Amino acid sequence: TSLGTRALVLGLAAMALNFLLGFTGVLSFGQAAYFGLGAYGAGMTIKYLVASTPLGILVGIVVGTVAAAVVGALIIKLRGVYFAMATIAFGQVFYFIAYRWNAVTGGDDGLAGWQRVPIHFGFGTLDIASNDRAFYFLALAFFAVAVAIMAALLRSPFGRTLIAIRENERRARFLGIPIERHIWLSFVISGAFTSLAGALYALLNNFADPHGLHWMQSGDFVIMAVLGGMRSFWGPLIGAAIFVVLQDQLSSLTDNWQSFIGLFFVLVVLFFPRGVLGVFRRKSTS
């Protein structure tokens, strides 16, 4: 159950990155910043403010989304490697704040001493504190709603405009499309879904640590998206499931599990550039 929940949550983060990378054509290596802010927002709300799981999730989403809106507005005119490096730089700022602010965030030891709280409805209680299966279904519900919203956005004229920008930004600009505004909106939407994933991940572990803000976590999201299929809707979820299962199995066998995942990633990029989902699609059409 824990493994399945982790795959769902990280799959949501990878799909959120793919909203920006696969459908808008903009590479961000700083998505971990909003993942980590969502995690810390949820954890700090429950620990310091109100012991409420829904409020913690809401605060995590708001904090991550606001940060994405501010950062996106500052770097929106950059392109290519300059945009990617700027996202890393801003992400590392949030990382070092969490790493150094020991009194509030717990520093390198992480934010501990709190746990998710049961959710009380008028007709009953959802005990997610001690029932991991109940939390899995809660995470699945959030995942389903987030994916439905994401799919609706991509099917809308806004989503078609993002794809036009991805395919040919210059031509889209000649058509009168406000490029910077659309990329900023895509960046903010991606940050919102990523912060939701971060809040759920913190609740899964009852813990938040600075690693969730580090650029290496962003690299994991990129690997998941590329493994599954960068320009497909469900590809990042498949890539996340593969990544999580490989990590779980290999880490129990060897301390050098990252080397094997790296080798597998290189082989996929070399021989299956469209990702795992692209392989199945090619076979189905042939």
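**Helices and their contacts in a predicted model**

Leaving aside residues up to four places away in sequence, Thr-53 touches Ile-46, Arg-116, Val-117, Ile-119, Ile-128 and Leu-203. The structure that shows these contacts is a predicted model. Thr-53 belongs to helix 3, and because its relative accessible area is 1%, which lies under the 20% cut-off, this residue counts as buried.

Helix 4, which covers residues 80-100, offers a check on helix geometry: at 1.5 Å a residue, its 21 residues should span 30 Å, and the C-alpha atoms at its two ends are 31 Å apart, which agrees. The residues of helix 4 that are buried are Phe-83, Ala-84, Ala-86, Thr-87, Gly-91, Gln-92, Tyr-95 and Ala-98. As you follow these residues along the helix, it helps to recall that an α-helix has 3.6 residues a turn, so residues three or four places apart point the same way. The buried residues of helix 4 pack against several partners, namely helix 2 (31-49), helix 3 (53-75), helix 5 (102-105), helix 9 and helix 10 (215-228).

Helix 9 can now be followed through two further contacts. In general, two packed helices are described by the angle between their axes and the distance between the axes. Helix 6 (residues 132-155) packs with helix 9 at an angle of about 175 degrees, and their axes are 11 Å apart; because angles over 145 degrees count as roughly antiparallel, helix 6 and helix 9 are described in that way. On the side of helix 6, the residues that meet helix 9 are Phe-135, Phe-142, Ala-146, Ile-149, Met-150 and Leu-153, while helix 9 contributes Ile-189, Phe-193, Leu-196, Leu-200, Leu-203 and Leu-204. Sorted by class, this contact has 12 nonpolar residues, with no polar and no charged ones.

How, then, does helix 7 pack with helix 9? Helix 7 (residues 157-167) and helix 9 (residues 179-205) pack at an angle of about 110 degrees, with axes 10 Å apart, and because angles from 65 to 115 degrees count as roughly perpendicular, this is the term used for the pair. Their crossing is left-handed. Phe-158, Thr-161, Leu-162 and Ile-165 of helix 7 make this contact with Ile-179, His-182, Ile-183, Leu-185, Ser-186 and Ile-189 of helix 9, and the residues involved divide into 7 nonpolar, 3 polar and no charged.

Between helix 9 and helix 10 there is a loop in which Asn-206 is found. Most residues other than glycine have a negative phi, whereas the phi of Asn-206 is positive, near 50 degrees. With a relative accessibility of 21%, Asn-206 counts as partly exposed.

How values were computed. Residues are numbered from 1 along each chain as its sequence is written. This is a predicted model: local features need pLDDT of at least 70, side-chain atom pairs count only at pLDDT 80 or more; totals for chains, interfaces and linings use all residues. Side-chain values use heavy atoms; hydrogens and water are left out. Axes are lines fitted to C-alpha atoms, for helices over the stretch in contact, and angles run from 0 to 180 degrees between N-to-C directions. Helices (H or I, at least four residues) and strands (E, at least two) are DSSP runs, numbered from the N terminus. Angles under 35 degrees count as roughly parallel, over 145 as roughly antiparallel, 65 to 115 as roughly perpendicular and the rest as oblique. A crossing is left-handed if the near helix is turned anticlockwise from the far one by less than a right angle, and right-handed if clockwise. Contact means heavy atoms within 4.5 Å. Ala, Val, Leu, Ile, Met, Phe, Trp, Tyr, Cys and Pro count as nonpolar, Asp, Glu, Lys and Arg as charged, and the others, Gly among them, as polar. The expected span of a helix is 1.5 Å times one less than its number of residues. Buried means under 20% relative accessible area, exposed over 50%, partly exposed in between (1.4 Å probe, protein chains only).
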